[in-house]
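This report concerns the domains of a predicted model and the way in which two of them meet.

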Amino acid sequence: MAPQRDVAIVAFAQTDHRRAVPERNEVELIQPVIRQALDQVGATIADIGFTCSGSSDYLAGQAFSFVMTLDAVGAFPPIQESHVEMDGAWALYEAWLKIQAGHADTALVYGYSKASPGDLPRVLSRQLDPYYYGPLWPDSVALAGLQARAMIDAGLIDEAEMAAIAHRSREAARGNPHAQLRGSDPLDELLAAPYLSDPLRRHDCPPITDGGAAVVLAAGDRAREWSKRPAWIRGIDHRIDSHNLGARDLTVSPSASLAAAKAGVSEGKVDVAELHAPFTHQEKILATALGLGDSTVLNPSGGALAANPMMAAGLIRLGEVFRRIEDGEADRGVAHATSGHLLQQNFVAVLEGDPR
Amino acid sequence: MLEAPLVIEYPFNRTTGPVIGAFLTGLREQRVLGIRGVDGRVVCPPVEYDPQTSEPLTEMVEVGAEGTVTSWSRVTTPRDGQPLGGAHTLALIRLDGADTSMLHVVDGEVVTGDRVRIRWADEREGLITDIAAFEPVEGGV
């Protein structure tokens, strides 16, 4: 969808991602991140027109868990807020719509989860349809293995290329102080490791993470006041493929391609792309679907292979592209988020800085 | 420290409707039903609406109890609730007469292209788990 108002990301903060953060609840986890994001622009919650969060009751283990987490925003003054049972990238989409509609000029967006209390691959099986798939309790890693296998069978990738994606991502994460997995074993050691769920080895899979992230959006002149170089959202779209895995061609992502086309990815050069690809083979599917070439730096943060907080890893992709535009490392970038199994839902945004 | 169990449950019933309901009822009778899509392809398990055009679908078609593995992933650490207690293969299986694949488990090691057949549960109640598992067809092509 093409924007009617100029809206930009102007601030971004995230937790130091860890396998488990048992000493803090969700409020205590995300509150400092929200504070950091607001501090970056010198704002308080009174300056924010709309607040939107992304989280999951299945991970929190209670209904309407996001209401409790609103304590992290503060009880006063009263706010306009909403929530999505999705990654925070979709919360950002709702906030962007709210600003486009003229109902707000600024927004706070955050996403968070603690995956550590449960068995995440099992919990994620509850995203599947309850008749044909759910009763089989298929875990998320084995499901991803079906997709990797389909790609290998089709000759689109091999295990060495998958290991190279893992190696490149986690080596890149050495420069990311927030990442959970920084650095990789050498390629030959990766490929000598046993399968976790053939054809996937441990390095092909994302870490399990407790963490969160927050972003501030602002329109027009407010964005210019709040950031030395706002990352303007030039295009934004999200699309979905069938939940019927057996009826999909698992080697491609039509919904990511469509979202990329609607967001206008190909209408300019892409300096940097942060793709939310939890499994190594999915990076290749997405890079192909988005039409990204060798001139684009892929996942310089390390991506979801270096830290994968559920409900925040997509929002973090937006934040990582914003930070590179604000710092002048990139002029135009693409952020992608996914939700569901095997890249079922895909979100794409094109971010661009003003000419330097 | 006080501790209490946390059981998440959704204590309501769902009506499965004319398509999913027919499929599940068929399983109870050891028959597998698909549905014919607008383009003539047979979707199994059946869907209520055409995957391409979203038109409502109604023509149920019986498919075979044998099929071909179209993708697979080996599960060596089984989890609670999975149909087989031990190591197994999660697979997509295109049943004979169908044009799409069903997700289920195979009791054994198979690779893409292998032939498998349904092993029915002794007691069937109209659930996908009425198919206890698939098993490799010996000498299958």
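Chain A is divided into domain 1 (7-119 + 208-226), domain 2 (120-204) and domain 3 (231-352), with bounds that come from an automatic or database domain assignment. This is a predicted model, in which local features need pLDDT of at least 70, side-chain atom pairs count only at pLDDT 80 or more, and totals for chains, interfaces and linings use all residues. Residues are numbered from 1 along each chain as its sequence is written, and side-chain values use heavy atoms, with hydrogens and water left out.

The centres of domain 1 and domain 3 of chain A, taken over C-alpha atoms, lie 20 Å apart. Contact, meaning heavy atoms within 4.5 Å, involves the residues tabulated here.

| Domain of chain A | Residues in the contact |
|---|---|
| Domain 1 | 36 residues |
| Domain 3 | 29 residues |

Between them, domain 1 and domain 3 of chain A bury about 2500 Å², 73% of it on carbon and sulfur atoms; buried area is the accessible area (1.4 Å probe) that two parts lose on being put together, summed over both. Ile9(A), Asp87(A) and Trp90(A) supply 27% of the area that domain 1 of chain A buries against domain 3 of chain A, more than any other three residues.

The interface of these two domains has zero salt bridges, a salt bridge being a side-chain nitrogen of Lys or Arg within 4 Å of a carboxyl oxygen of Asp or Glu.

Technical notes: Chains lettered and ligands numbered in written order.
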